[in-house]
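User: I'd like a close look at one helix and whatever its side chains are doing. Start there, then follow the contacts outward as far as they help.

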Amino acid sequence: MHDQAENLRLKLLSHRTSSHAKAVAIVSGKGGVGKSNFSLNFAISLARLGKRVLLFDMDIGMGNIDILMGRHSELTIIDFFERQIPLKDIITAGPENISVLAGGSGLSSLFSLDEASFERFHSELTLLFGHYDHILFDMGAGINQDSSKFLLCADELIFITTPEPTAIMDAYSMMKYLNSINNLLPFYLVCNRAEGTKEGKETIRKLQNALEKFLLKEISPLGLLPDDRTVSRAVTKQIPFLLYEPNARVSKALTEITSRFIKQSFSDDLTVKNRNFLGNLKRYFLGK
């Protein structure tokens with residue numbers, strides 16, 4: 001297995017392209033805040049801007065991406081580990097030409113791999129990074145010691161919260177923990193299900209103030225998504241809301257968030273960090 005991983009690394013070096021994907025983890029402090037729905041529609045919105053996007057469902061045991069698209073993937077990341085099926089063969093085409101890598105009920109095994117299995121995963125993932133502009137990891141809600149290792153590898157983290165006090169507190173706790181380990185990791189924030197602009201801005205302001213006061217940390221607000229009934233109707237129909245109703249308030253707001261993310265229109269100190277997801281992956285998981 002070590003020889004196989006080494007051969008893949010050599011192949012990568014000899015066929016390296018000028019493109020290297022940005023690894024973005026999409027997270028939430030608690031479940032039920034609309035994280036997976038955001039991830040799917042954000043991926044579609046990026047693709048509409050001409051970006052090559054891979055959406056990787058990492059919601060351990062509770063992957064929702066397939067459900068939101070109204071389909072069932074025949075292969076998942078579990079088949080990569082249990083049946084030795086290459087990652088590229090597990091990836092399927094999603095709406096607006098996004099690529100999707102489905103999760104599975106045994107995905108927690110990703111955080112406790114033996115070294116040979118991890119090397120194989122790392123090598124094949126490395127190959128994928130040369131084919132996309134963005135790889136979005138739709139993470140499970142909350143955090144534990146194992147999943148935090150993966151989050152700390154990301155180039156950037158997008159936190160999804162709602163105006164609910166429990167959602168705000170859980171998001172802050174998650175930010176505090178991750179920042180205590182790596183205070184250079186860029187944080188972005190989206191407030192979902194805001195009843196109005198005032199409520200959404202106040203939610204973002206609360207988290208901004210808390211991070212600046214207690215953690216001396218800046219967070220870049222990407223914007224807010226309104227509490228729009230279009231979302232629930234789209235979920236029922238199992239159609240991404242961007243496709244279900246492109247002119248809905250929530251669809252327009254999501255498009256604005258994507259544009260803001262692409263333009264990187266925030267503090268310079270949050271944009272100069274070099275991308276090193278693949279290097280971090282080995283450092284956090286194998287101590288190399």
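The helix in question is α2, and the answer works outward from there.

Analyst: Bear in mind that this is a predicted model. With that said, let's start with the backbone of α2.

Helix α2 covers residues 35-48, which is 14 residues. At 1.5 Å a residue that should span 20 Å, and the C-alpha atoms at its ends are indeed 20 Å apart, so the expected and modelled spans agree. After the helix comes Gly50, with a positive phi near 90°.

Now, how much of α2 is buried? Mostly covered is the short version: 13 of the 14 residues count as buried. Arg48 comes out as partly exposed, because its relative accessibility is 41%, and a residue has to be under 20% to be called buried.

Inside the helix, the aromatic side chains are worth a look. Phe38 and Phe42 both sit in α2, four residues apart, or about one turn of the helix. An α-helix has 3.6 residues a turn, so residues three or four places apart point the same way. Both Phe38 and Phe42 are buried. Their ring centres are 5.1 Å apart and the planes make an angle of 15°, so this pair is stacked; the cut-off for stacking is under 30 degrees. The two rings don't stand alone either: ring pairs link Phe38 and Phe42 with Tyr188 and Phe261 into a cluster. For the whole model, the count is nine aromatic pairs.

At Arg48, the helix has a polar link as well. Arg48 makes a salt bridge with Glu96, with 3.7 Å between the closest N and O atoms. Glu96 belongs to the loop between β3 (92-93) and β4 (99-101), while Arg48 is in α2, so the bridge ties together parts that lie 48 residues apart in sequence. Like Arg48, Glu96 is partly exposed: Arg48 has a relative accessibility of 41%, and Glu96 has 38%. This bridge is one of ten salt bridges in the model.

Another of the salt bridges joins Asp66 and Arg71, where the closest N and O atoms are 3.4 Å apart. Here the two partners fall in separate classes: Asp66 is buried at 14% relative accessible area, whereas Arg71 is partly exposed at 27%.

A further example takes us to helix α6. Glu124 and Arg120 both lie in α6, four residues apart, about one turn of the helix. Their side chains meet in a salt bridge with an N to O distance of 3.9 Å. That is within the 4 Å limit used to call a salt bridge. Both partners are buried, Glu124 with a relative accessible area of 12% and Arg120 with 4%.

Arg120 has a second role in the contact list: it lies over the face of Phe80, 3.8 Å from the ring centre. A comparable charge-over-ring arrangement turns up with Lys217, whose charged end sits over the ring of Phe187 at 4.5 Å from its centre.

Coming back to aromatic pairs, Phe38 and Phe42 in α2 are both buried. Phe80 and Phe121 form an edge-to-face pair, because their centres are 6.0 Å apart and their planes are at 70°. This pair links distant parts of the chain, with Phe80 in helix α4 (residues 77-82), Phe121 in helix α6 (residues 115-129), and their positions 41 residues apart. Phe80 counts as buried at 0% relative accessibility, and Phe121 counts as buried at 1%.

Helix α4 also holds Asp79, which is buried with a relative accessible area of 11%. Asp79 and Ile90 are eleven residues apart in sequence, with 7.9 Å between their C-alpha atoms.

Finally, for a view of the surface, Ile143, Tyr177 and Ile181 make a nonpolar patch of about 240 Å². Ile143 is in the loop between β5 (134-139) and α7 (145-151) and counts as partly exposed, at 32% relative accessibility.

To pull α2 back together: the helix is mostly covered, Phe38 and Phe42 are stacked one turn apart within it, and Arg48 reaches Glu96 through a salt bridge.

Conventions
Residues are numbered from 1 along each chain as its sequence is written. This is a predicted model: local features need pLDDT of at least 70, side-chain atom pairs count only at pLDDT 80 or more; totals for chains, interfaces and linings use all residues. Side-chain values use heavy atoms; hydrogens and water are left out. Helices (H or I, at least four residues) and strands (E, at least two) are DSSP runs, numbered from the N terminus. The expected span of a helix is 1.5 Å times one less than its number of residues. Buried means under 20% relative accessible area, exposed over 50%, partly exposed in between (1.4 Å probe, protein chains only). Patches are made of residues with over 30% relative accessible area and no salt bridge: like charges are joined within 9 Å, nonpolar side chains (Val, Leu, Ile, Met, Phe, Trp, Tyr) within 5 Å. Accessible areas come from the Shrake-Rupley method with a 1.4 Å probe; for residues, only the protein chains shown count as cover. Rings of Phe, Tyr and Trp (its six-membered ring) pair if their centres lie within 6.5 Å; planes under 30 degrees apart count as stacked, over 60 as edge-to-face and the rest as tilted. A charge sits over a ring if NZ of Lys or CZ of Arg is within 6 Å of the ring centre and within 35 degrees of the ring normal.
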